[in-house]
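Colleague: I would like a close look at one part of this model. Please take a single buried glycine as the way in, and work outward from there.

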Amino acid sequence: MKTVKKRASKPSYKPRQPFWPIALSLTLAMYLTILPLSDWPWDYRPPWTVLAILFWCFATPRRVGIFTGFVVGLMLDVLTGALLGQHALSLSVTAYLALVLRPRIRIFPPWQQAFFVALILLTERLLTLWIIGATGQPMPALTYWISALVGLAFWPIMAWLLVPFERRLGLG
């Protein structure tokens, strides 16, 4: 009779991945969102926070998701003085769309991802417009939609800036 020796399996310990690049980029995005500007470039400001949430949902879907979008949205509501829950709802839905569409979008280079990101940004703008209408606030001008197009232009730049953090720190 042979005795079978069991091998002691090594514990599959994986060191915890740092969260600081994600927190730093989201904080910087919120700062750029509330950065005071004169009146004319206000509508041409890229949606920094939405772009940051989208990038990290694409890059690290296990670390950044719907709950992160909700918490960042609540902080953005407090920072901007918007209706409490307005940005929280729109960023949660944006994060959900990013997580669902991630396998289809992530295979493209950033300049092609920008068109998918623009569709998600337009969805976020439409949802925010619905919230504005539902709460009885005055409807914004047509320049309200320009920020989605500016986000289309800034997506490859933002991906170029954040991908080294993703690769160097082993996130994803």
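Modeller: Start at G73, which sits in helix α3, residues 66-80. This is a predicted model, so every value below is computed from predicted coordinates. G73 has a relative accessibility of 0%. Buried means under 20%, so G73 counts as buried.

What does G73 touch, once neighbours within four places in sequence are set aside? The partners are H87, A88 and L91. S90 belongs in the picture too. G73 and S90 are 17 residues apart in sequence, and their C-alpha atoms are 7.6 Å apart in space.

S90 leads on to T94. The backbone oxygen of S90 lies 2.6 Å from a polar side-chain atom of T94. T94 lies in helix α4, which covers residues 86-105. T94 is buried, because its relative accessible area is 1%, and the cut-off for buried is under 20%. Leave aside the neighbours within four places in sequence, and T94 is in contact with V50, L54, I120 and E124.

Now take V50, one of those partners. V50 is found in helix α2. With a relative accessible area of 6%, V50 is buried as well. Its contacts, again without neighbours within four places in sequence, are L91, T94, L121 and E124. L91 is also on the contact list of G73. S90 comes up again here: the C-alpha atoms of V50 and S90 are separated by 9.0 Å, with their positions 40 residues apart along the chain.

Two further residues of α4 are worth a stop. Q86 lies in α4. Q86 counts as buried, because its relative accessibility is 8%. Not counting residues up to four places away in sequence, Q86 touches D77, T128, I131 and I132.

R102 also has its place in α4. Is R102 buried or partly exposed? At 23% relative accessibility, R102 counts as partly exposed. The cut-off explains the call, because partly exposed lies between the 20% limit for buried and the 50% limit for exposed. Beyond its neighbours within four places in sequence, R102 is in contact with C57, F58, A59 and P61. R102 and C57 are 45 residues apart in sequence, yet their C-alpha atoms are 7.9 Å apart in space.

Next, the helix pairs around α2. Helix α2 spans residues 48-59, and helix α5 spans residues 110-134. They pack at an angle of about 130°, with axes 11 Å apart. α2 and α5 are therefore oblique to each other. Their crossing is right-handed. On the α2 side the meeting residues are V50, L51, L54 and F58; on the α5 side they are V117, I120, L121 and E124. Several of these names have come up already. V50, L54, I120 and E124 are the contacts of T94, and F58 is among the contacts of R102.

α2 has another partner in helix α1, residues 20-34. The axes of α1 and α2 come within 7 Å and cross at roughly 160°. α1 and α2 are therefore roughly antiparallel to each other. The relevant cut-off is an angle over 145 degrees. From α1 the pairing uses P21, I22, S25, L26, A29, M30, L32 and T33. From α2 it uses W48, T49, A52, I53 and W56.

Some annotation helps to place these stretches. An unreviewed UniProt entry lists "transmembrane region" for residues 20-38, 82-101, 113-132 and 144-163. In the model, residues 82-101 are 80% helix and 0% strand, and the end C-alpha atoms are 28 Å apart. Residues 144-163 are 90% helix and 0% strand, with the end C-alpha atoms 29 Å apart.

Finally, step back to the whole chain. The secondary structure of the protein comes to six helices and zero strands. From the N terminus on, the elements run α-α-α-α-α-α. Of the 172 residues, 40% count as buried; G73 is one such residue. Among contacts with a separation of 6 or more, residues 24 or more positions apart account for 67%. The contact between V50 and T94 links α2 with α4, and R102 in α4 touches C57.

Definitions and conventions: Residues are numbered from 1 along each chain as its sequence is written. This is a predicted model: local features need pLDDT of at least 70, side-chain atom pairs count only at pLDDT 80 or more; totals for chains, interfaces and linings use all residues. Side-chain values use heavy atoms; hydrogens and water are left out. UniProt positions are given in the numbering used here, feature names are shortened, and annotations may be inferred rather than shown by experiment. Helices (H or I, at least four residues) and strands (E, at least two) are DSSP runs, numbered from the N terminus. Buried means under 20% relative accessible area, exposed over 50%, partly exposed in between (1.4 Å probe, protein chains only). A polar contact is a pair of N or O atoms within 3.5 Å; within protein, one must be able to donate a hydrogen and the other to accept it, and residues adjacent in sequence count only if both atoms are side-chain atoms. Contact means heavy atoms within 4.5 Å. Axes are lines fitted to C-alpha atoms, for helices over the stretch in contact, and angles run from 0 to 180 degrees between N-to-C directions. Angles under 35 degrees count as roughly parallel, over 145 as roughly antiparallel, 65 to 115 as roughly perpendicular and the rest as oblique. A crossing is left-handed if the near helix is turned anticlockwise from the far one by less than a right angle, and right-handed if clockwise.
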